[in-house]
Structures are given as C-alpha cells and as structure tokens.
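Got the viewer open? Let's walk through this one stop by stop, selecting as we go.

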Amino acid sequence: MRTVQLTVFGRVQGVGFRFSTKRLADKIGVSGIVRNLIDGSVYIEASGSNKQIEKFISSIKASPSPYGKVTRVDLEEIKPSNYHGFQVTD
C-alpha cells in the first residue's frame, strides 16, 4: 500500500476539479480525500497499490476536469492512512 499527498496548482478551483478527482479515484480504486485550499490550490491524499497511485498521479497532472489546467503538482510520500473510499471534504 502506498499513500501520497499531492498539492495541485493551476486552474483547479471552480472547474469541477474535486468532483472529477473523486470520479477518477473511484474508477482507479484509490481511497483518500480531496479538498480546496485557501491559496487556490487543491490538496489530495490518496492510497492504493503502486500501480494505482502512479496512474492516479499521471491523471491528476493531466487534470481530471476538462475545464482545469494543472501547472504544478507537489508530491510527498506519507504514512499509509486507513481511508474507506474517496471523499470530497471541506
């Protein structure tokens, strides 16, 4: 099991990015959370197999929302979390 923390920058708020991220995570089978940050970025924690996480990261970099534009993704490996499913949080 691998867990990553992503901070996504660009046009990622007000474009359906969080809900597109949830759909993507559900499709790939990744669990975790996604939320907007006050600075206009989006915060994601995602857990899954290495293959699932690699696919998830590459899809996030390409923007799961057709209206979004990702300019930068900061990635950090973190301790595995015990998430059940994937949730959009505040």
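**Start in the middle: β3**

Select β3 first: 7 of the 7 residues of this strand are buried, so β3 is largely enclosed by the rest of the structure. Buried here means under 20% relative accessible area, exposed means over 50%, and partly exposed is in between (1.4 Å probe, protein chains only). Helices (H or I, at least four residues) and strands (E, at least two) are DSSP runs, numbered from the N terminus.

Before going further, some housekeeping: this is a predicted model, where local features need pLDDT of at least 70 and side-chain atom pairs count only at pLDDT 80 or more, while totals for chains, interfaces and linings use all residues. Residues are numbered from 1 along each chain as its sequence is written, and side-chain values use heavy atoms, with hydrogens and water left out.

Now show the side chains of β3. Val42, Ile44, Ala46 and Gly48 point one way, Tyr43, Glu45 and Ser47 the other, and all are buried. In a regular strand the side chains alternate between the two faces of the sheet.

**Widen to the sheet**

Next, select all the strands. There are 5 in an open sheet, ordered β4-β1-β3-β2-β5, with mixed pairing; two strands pair if DSSP finds at least two bridges between them. β4 (69-78) and β5 (86-88) stand at the edges with a single partner strand each, so one side of each has no neighbour in the sheet. From one strand to the next, the twist averages 15°.

Go through the pairs:

- β1 and β3 run antiparallel, joined by 7 bridges; look for Val8 opposite Val42 in β3.
- β2 and β3 are also antiparallel, over 6 bridges, and Ile33 stands opposite Glu45 in β3.
- β2 (residues 31-36) and β5 pair in the parallel sense over 3 bridges, with Ile33 opposite Gln87 in β5.

Stop at the hairpin of β2 and β3, which has 5 residues between the strands: Gly40 there takes a positive phi near 95°.

**Add the helices**

Turn on α1 (residues 17-28), which lies across β1 (2-11), β2, β3 (42-48), β4 and β5, at about 175° to β5. Then add α2 (residues 50-61), which lies across β1, β3, β4 and β5 and runs at about 5° to β1. These angles run from 0 to 180 degrees between N-to-C directions, with axes as lines fitted to C-alpha atoms, for helices over the stretch in contact.

**Into the core**

Which residues touch the most other members of the largest nonpolar core? Of its 21 residues, they are Leu6, Val8, Phe17, Ile44, Phe56 and Ile60. Such a core is a set of buried Ala, Val, Leu, Ile, Met, Phe, Trp, Tyr and Cys residues joined through side-chain atoms within 4.5 Å. β1, α1, β3, α2 and β4 each supply at least two residues of this core.

Click Val8: among its contacts (heavy atoms within 4.5 Å), beyond four places in sequence, are Phe17, Ile44 and Ile60.

**Last stop: Arg18 and Asn36**

UniProt places the feature "active site" at Arg18 and Asn36, in an unreviewed entry; such annotations may be inferred rather than shown by experiment. They span 19 residues in sequence, yet no two of their C-alpha atoms are more than 7.7 Å apart, so they gather at one spot.

Arg18 lies in α1 and touches Asn36, with Val42, Val88 and Asp90 among its other contacts. Asn36 sits in β2 and, at 26% relative accessibility, counts as partly exposed.
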